[in-house]
Amino acid sequence: MSGTVGQQRQSSIPLTGTGSCVPPGGAVTVSLTGPENARTGRGGAPMPMDLGAVGRSWDSGEYTWTPQDAVLYALAVGAGTPDPCAELAFTTEKPPDTVQRVLPTFAVLPTISRRGPKLGDFPRSRMRHAEQLLRVTGLLPATGRVRVTSRVTGIHDKRSGALVVITNTVTDAGTGELVAETISAIFVLGEGGFGGPPSPSTPWSEPDRPADHVVTYRTNDNQALLYRLCGDRNPLHSDPSVSARAGFERPILHGLCTYGFAGRAILHAVCGSDPARFGEIRARFAAPVLPGQSLSTHIWGDGDSFRFVVKAGDTTVLDRGFFSRTEPHGTSTDRYNP
């Protein structure tokens with residue numbers, strides 16, 4: 001990374017965050033929650049974290065999508081705004097002069113699942129979606145059917161809580177070909193202190209120079225209502241009474257929606273809008289976003305490696321961001337299904 005290095009921080013994947021201010025939505029792929037007030041097991045005894053779950057894997061089922069689903073996702077992460085003619089390859093099923101393309105971050109949707117081993121009884125309000133990695137291996141088709149397998153790859157003691165790391169492998173349901181891999185870190189407040197292994201970390205620093213690219217998109221006031229149609233129906237993002245109980249003035253945006261806005265900004269800024277060049281993206285959720293706010297993605301490049309942060313005004317909402325650009329690993333005909 002060129003330029004003088006700024007403040008050093010420890011970063012993700014290996015995922016290490018202490019949790020963000022954003023309670024989790026669809027990214028939770030393991031059954032961590034019980035009743036809202038559940039804090040004890042049978043007979044009133046405490047229900048500790050099941051550390052034996054590390055290494056446990058399960059079948060998270062199949063996920064299918066249509067061209068309309070891919071378009072809905074693109075709209076849900078802001079494509080076509082403010083210029084409805086600017087991203088037609090992603091926002092229409094039959095774009096003029098090309099084939100339909102799918103935003104690479106669409107690949108997180110198959111991993112939105114509630115299946116998985118139960119690790120204990122924790123009120124949902126104690127959970128935070130801390131960090132997220134997505135790695136894609138090729139172009140996503142406009143019509144697809146995949147199978148997801150999941151595994152608990154770590155439970156780390158952060159003292160003030162536990163960091164649960166889940167790896168999801170997404171494969172083509174027909175051929176078994178690897179399509180994508182995601183890693184999600186879920187921070188569970190108040191469940192630390194068990195003396196588990198520390199989480200591995202990777203140094204991260206923001207270059208002490210202006211960003212090479214700054215891409216700003218405004219979210220719509222109804223952005224969360226649109227994104228929830230992609231599969232994450234957590235009422236935190238739609239029900240004012242739920243968001244108020246969580247301490248927010250109104251429903252907040254899904255963390256993975258903000259993540260999708262960042263992925264879209266990076267795709268257009270450094271990949272020439274070509275999904276075949278999109279490799280891996282990872283970031284930590286640092287603060288909540290309210291629908292209607294503008295999101296500015298600040299990107300610093302070093303060859304095919306990039307660091308980024310996303311800000312809403314002066315507040316950093318995604319940080320410790322890494323992105324890797326790849327050589328095109330597909331053509332418009334080998335996976336796209338116009």
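Helices (H or I, at least four residues) and strands (E, at least two) are DSSP runs, numbered from the N terminus. Two strands pair if DSSP finds at least two bridges between them. This is a predicted model, in which local features need pLDDT of at least 70 and side-chain atom pairs count only at pLDDT 80 or more, while totals for chains, interfaces and linings use all residues. Residues are numbered from 1 along each chain as its sequence is written, and side-chain values use heavy atoms, with hydrogens and water left out.

**Exercise 1. The hairpin**

Task: Find which residue in the hairpin of S6 and S7 takes a positive phi.

Solution:
- Start with the pairing. Strand S6 (residues 144-157) and strand S7 (residues 161-172) are antiparallel, with eleven bridges.
- Check one pair. Val146 faces Asp172 in S7.
- Now go to the turn. Three residues lie between the strands, and Arg159 has the positive phi, near 70°.

**Exercise 2. The sheet and its edges**

Task: Trace the order of the open sheet, then say why one side of S3 and of S10 has no neighbour in the sheet.

Solution:
- Read off the order. The ten strands run S3-S6-S7-S8-S5-S11-S14-S13-S12-S10, and the pairing is antiparallel.
- Look at the ends. Strand S3 (57-65) and strand S10 (213-218) are the edges; each has a single partner strand, so one side of each stays without a neighbour in the sheet.
- Add the twist. From one strand to the next it averages 20°. Axes here are lines fitted to C-alpha atoms, for helices over the stretch in contact, and angles run from 0 to 180 degrees between N-to-C directions.
- Inspect the S3 edge. Eight bridges link S3 to S6 in the antiparallel sense, and Gly61 sits opposite Val148 in S6.
- Move to S12 (residues 294-302). Seven bridges join S12 to the antiparallel strand S13 (residues 305-312). His298 has Val309 in S13 as its bridge partner.

**Exercise 3. Helices and cores**

Task: Locate H5 against the sheet, and state which residues have the most contacts inside the largest nonpolar core.

Solution:
- Place the helix. H5 (residues 255-270) lies across S5, S10, S11, S12, S13 and S14, at about 140° to S11. Contact means heavy atoms within 4.5 Å.
- Define the core. It is a set of buried Ala, Val, Leu, Ile, Met, Phe, Trp, Tyr and Cys residues joined through side-chain atoms within 4.5 Å. Buried means under 20% relative accessible area, exposed over 50%, partly exposed in between (1.4 Å probe, protein chains only).
- Count. The largest core has 55 residues, and Phe308 and Phe323 have the most contacts inside it. H5 gives the largest share, nine residues.
- Separate the other core. It lies apart and has eleven residues, including Ala53 and Ile155.
- Turn to H1 (residues 67-76). Its buried residues include Val71 and Tyr73. H2, H3 and H5 are among the elements that cover the buried residues. Just after H1, Gly78 takes a positive phi of about 95°.

**Exercise 4. Two buried side chains**

Task: Decide whether His129 is buried or exposed, and list polar contacts of its side chain.

Solution:
- Find the residue. His129 is in strand S5.
- Apply the cut-off. His129 has 4% relative accessible area, so it is buried.
- Recall the rule. A polar contact is a pair of N or O atoms within 3.5 Å; within protein, one must be able to donate a hydrogen and the other to accept it, and residues adjacent in sequence count only if both atoms are side-chain atoms.
- List the partners. The side chain of Gln132 makes a contact of 3.0 Å with that of His129. The backbone oxygen of Glu131 is 3.4 Å from a polar atom of the His129 side chain.
- Compare Phe187, in strand S8. At 1% relative accessibility, Phe187 is also buried.
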